[in-house]
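Work through these exercises with the structure in view. Try each task before reading its solution.

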Amino acid sequence: MKSTLFLQSDSSDPYLIYKNMLQNNPVYWDETNKIWAIYSYEDCVSILKNPKAEIPALNPDNKQKLNKTALEILNNLTRLSNGIQHEISKEIAMLLFSKMKSVDINRIISQLIKSNLVENKMDWINSVCKKLPVLVVLKSFNFEEKDCEFIANQIESLVKIMLPQKTEEQVKSINEVSATIFSIVEKQLFQLNFYESLSAKISESNSLSLDEIKTISISNLIGLFIQSFDAGRGILSNSLLQILNNKTFSSKTEIEKSVIETLRFDPPIHNTRRIATEDFYIGKSLIKKNDSILVVLASANRDLKKFENELKFDIERNNNAENLTFGIGTHMCLAKHFSIHLTTEALWFLFNEFKTVTILENNIQYEPMINARLPKNIWISLQ
């Protein structure tokens with residue numbers, strides 16, 4: 001049987017694997033990798049909502065040798081925390097998200113296209129997908145242009161902080177950029193007119209020092225950059241492919257429905273991990289304390305028991321929004337609605353601005369990642 005852990009770059013169609021596992025082994029113990037793989041919608045939801053299944057430590061005892069600043073960022077991210085630490089960091093992250101001001105997405109994407117279009121051709125991934133989401137977040141918090149440019153150019157290196165396994169070169173790059181980005185965000189945070197009231201509110205409700213709140217706030221604002229890059233890049237790329245393939249771009253409403261259906265049908269994030277803190281059962285399978293768990297979200301999104309005609313890209317299916325791509329429960333990704341809105345606006349601009357949008361390659365190559373299916377490049381022609 002094919003391993004439950006494989007690089008997306010090595011699979012032309014991972015959904016065939018998921019279909020087979022859904023039918024034959026929806027809860028499967030992978031003896032080779034010592035990990036449970038969960039494929040059905042019902043069981044994935046059960047794991048995601050189970051308080052006995054926590055986020056695993058990403059860098060125990062700092063074996064990856066991150067420097068002090070990178071370690072502070074990693075240890076304070078909402079996505080990677082559990083218990084009371086998660087509740088505090090999530091509250092801060094949500095407050096930060098709520099203070100984002102509206103920015104002109106059309107102007108930003110227009111500038112990106114203009115800067116990268118050569119003879120009516122450009123790489124959608126490197127020109128737009130890797131830059132637009134983080135630039136929108138940065139500008140919504142009034143970062144200076146030079147700081148926006150620096151962070152937008154360096155965020156891809158910092159995002160590697162989320163990888164369970166990192167190469168020495170990736171650790172080196174993370175350590176090189178983390179201190180500068182942390183310093184830029186710290187400076188800007190103190191200039192935001194809501195920060196003083198935010199820190200006072202958090203301090204009063206959680207008995208934290210102002211220095212502790214500052215570090216958590218800076219880390220989670222950086223976390224918003226990371227989330228916008230991760231989620232934004234994948235949704236922008238995969239949605240474009242599905243919309244062009246299915247010709248669903250006649251209106252902004254149709255595009256928004258297509259983005260939501262893409263999150264079900266062809267999501268950027270395929271799996272997430274948990275670790276059991278106590279024994280519990282999934283059906284008849286005993287998950288033991290300290291067992292690793294792979295929650296295969298992309299498989300759950302194509303579970304026939306949840307989604308009718310699951311293999312069809314159908315923007316009118318009434319429960320498409322119940323996909324698990326952004327998770328569910330307390331660890332649901334905070335960037336969900338932001339990413340859907342951003343992608344809808346960006347793609348509506350693209351199809352409204354240009355009469356013809358054409359993909360110039362048939363064989364899309366994917367990044368060598370286990371948890372995410374992200375195209376390396378999508379060359380398009382704009383007329």
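**Exercise 1. Give the strand order of the open five-stranded sheet, then find its edges.**

Step 1. The order is β1-β2-β8-β5-β3, and the pairing is mixed. Strands here are DSSP runs of E with at least two residues, and helices are runs of H or I with at least four, both numbered from the N terminus. Two strands pair if DSSP finds at least two bridges between them.

Step 2. β1 (27–30) and β3 (53–54) are the edge strands, each pairing on one side only.

Step 3. Now look at β5 (residues 272–276) and β8 (residues 292–295). They run antiparallel and are joined by four bridges. Ile275 faces Ser292 in β8.

A word on the source: this is a predicted model, in which local features need pLDDT of at least 70 and side-chain atom pairs count only at pLDDT 80 or more, while totals for chains, interfaces and linings use all residues. Residues are numbered from 1 along each chain as its sequence is written, and side-chain values use heavy atoms, with hydrogens and water left out.

**Exercise 2. Which residues of the largest nonpolar core touch the most other members?**

Step 1. Fix the term. A nonpolar core is a set of buried Ala, Val, Leu, Ile, Met, Phe, Trp, Tyr and Cys residues joined through side-chain atoms within 4.5 Å. Buried means under 20% relative accessible area, exposed means over 50%, and partly exposed lies in between (1.4 Å probe, protein chains only).

Step 2. The largest core has 89 residues, and Trp124, Leu132, Phe143, Ile222 and Phe225 touch the most other members. Helix α11 (residues 210–246) gives the most to this core: 16 residues.

Step 3. Take Phe143. Beyond its neighbours within four places in sequence, its contacts (heavy atoms within 4.5 Å) include Ile184, Leu221 and Phe225.

Step 4. A separate core has 19 residues, including Val27, Tyr41, Ile282 and Phe307.

**Exercise 3. Where does Asp303 lie, and which backbone nitrogen does its side chain reach?**

Step 1. Asp303 sits in the loop between α13 (297–300) and α14 (336–353).

Step 2. Asp303 is buried but has no salt bridge. A salt bridge needs a side-chain nitrogen of Lys or Arg within 4 Å of a carboxyl oxygen of Asp or Glu. The nearest side chain of opposite charge, Lys305, is 6.0 Å away. For charge, Lys and Arg count as positive and Asp and Glu as negative, with His and the chain ends not counted.

Step 3. The Asp303 side chain reaches the backbone nitrogen of Tyr41 at 2.9 Å.

Step 4. Not counting residues up to four places away in sequence, Asp303 touches Leu22, Ser40, Tyr41 and Glu310.

**Exercise 4. How many salt bridges does the whole structure hold, and how far apart are the N and O atoms in the pair Lys68 and Glu72?**

Step 1. The search finds 14.

Step 2. Lys68 and Glu72 pair with their closest N and O atoms 3.2 Å apart. Both lie in helix α3 (residues 68–76), four residues apart, about one turn of the helix. Lys68 is exposed at 62%, while Glu72 is partly exposed at 25%.

Step 3. Lys187 and Asp147 also form a salt bridge (3.2 Å, N to O). This pair links distant parts of the chain, 40 residues apart: Lys187 is in helix α9 (residues 168–191) and Asp147 in helix α8 (residues 145–159). Lys187 is partly exposed at 34%, whereas Asp147 is buried at 5%.

Step 4. Shared partners join Glu144, Lys146, Asp147 and Lys187 into one network of salt bridges.

Note on methods. Polar contact = N/O pair within 3.5 Å; in protein donor to acceptor, adjacent residues only side chain to side chain.
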